[in-house]
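Subject: Structure for your review

Dear colleague,

Please find below the structure that I am handing over to you. My notes on it follow.

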Amino acid sequence: MAHAGEAAAIEQAVSRRLAAFARAQQIRLVLVWLALAVALGGLFARFRFDYGFMVGWAAFLARGVPITVGVSVVSIALALVLGLVAALGRLSGNPVAHGVATFYTSFIRGTPLLVQVYLIYLGLPQLGIVLDAIPSGVAALSINYGAYIAEIIRAGILSVGRGQVEAALSLGMTRGQVMRRIVLPQALRVVVPPVGNEFVAMLKDSALVSVMGVWELTFRATKVGRQYFRSLEMLVFAAAIYWGLTILFSALQSRVEGRLARAYER
């Protein structure tokens, strides 16, 4: 009993020290960030950074946020569908499905996103397919990110033990049932964190649709900045908004991951 009591006391002391160390690290982090903010403020003041100009155009810039978020949300939803289909094709024993899925992921991952945007917006009209700017941007982002998500989903599916699949098949389940009831639910836990990271990356890459004249965040910032020769102010403002959105969606992603983790702990 005495040894058990000493072990518990040591464990509590270690926990207290770890908690104190974590608090000290957070305080240091806040101090460093404050120092950086002061340094940046001084740098901007040196170059006559016009904060009033930024405040005056804040509402105009903010109206681009729903377009940025909307394009990203629709694109990631379509990319998930494309990614799932491509992942199943990559894992398929059918040579046609495997070949098409492999070509898709290889070509898309091997070419720049900006080139894909131009191909859809400027190239397709030569084939008689004309899309507006926003559908073109959504198509380009979906197709591009679908290729990367396909590899994520494929890795998630492969992480499920082969023995579970064989056991389910031996019980009389079809391959479709095995995929829906056994494999995909388990793969979901592996897939969610990297897909969340892909969404955050897409949120920033959505700025590329500005080259097609979509009035999203970056387009609005560059338009006003060029018109009044205040590009620094507007681009810094836009960058701050992107940063805030990234922090917000990263926090949401953490909550989703936490809920999934708790579900598997039960």
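Where in helix α9 does a kink lie, and which proline comes shortly after it? Before turning to that, please note that this is a predicted model.

The kink in α9 lies at Val-191 and amounts to about 40°. The proline Pro-193 follows shortly after that point. Helix α9 covers residues 175–205. A straight helix of 31 residues would span 45 Å at 1.5 Å a residue, whereas α9 spans only 37 Å between its end C-alpha atoms.

Several residues of α9 are buried, and Val-191, where the kink lies, is one of them. The buried residues of this helix also include Val-178, Val-183, Ala-187, Val-192 and Val-195. Further along the helix, Gly-196, Glu-198, Phe-199, Val-200, Met-202 and Leu-203 are buried as well.

The second topic is the salt bridges, of which the count comes to 5. Arg-90, Arg-109, Glu-151 and Arg-154 are linked in a network of such bridges. Glu-151 is a partner in each of the three pairs described below.

Arg-90 and Glu-151 form a salt bridge in which the closest N and O atoms are 3.1 Å apart. This pair links distant parts of the chain, as Arg-90 belongs to helix α4 (residues 65–91) and Glu-151 to helix α7 (residues 133–158), 61 residues apart. Arg-90 has a relative accessible area of 19% and is therefore buried, the limit being under 20%. Glu-151 is buried too, with a relative accessible area of 16%.

Arg-109 also forms a salt bridge with Glu-151, and here the closest N and O atoms are 3.9 Å apart. Because Arg-109 lies in helix α5 (residues 95–109) and Glu-151 in helix α7, the pair ties together parts that are 42 residues apart in sequence. Arg-109 is partly exposed, its relative accessible area being 41%.

The bridge between Arg-154 and Glu-151 has its closest N and O atoms 3.0 Å apart. Both residues lie in helix α7, separated by 3 residues, or about one turn of the helix. At a relative accessible area of 23%, Arg-154 is partly exposed.

With kind regards

Note on methods:
Residues numbered from 1 in each chain as written. Predicted model: local features only at pLDDT ≥ 70, side-chain atom pairs only at ≥ 80, totals over all residues. Heavy atoms only, no water. Helix = DSSP H or I, 4+ residues; strand = E, 2+ residues; numbered from the N terminus. Expected span 1.5 Å × (residues − 1). Bend = angle between axes of the 7 residues up to and from the residue. Buried < 20%, exposed > 50% of the residue type's maximum accessible area, 1.4 Å probe, protein only. Salt bridge = Lys/Arg side-chain N within 4 Å of Asp/Glu carboxyl O.
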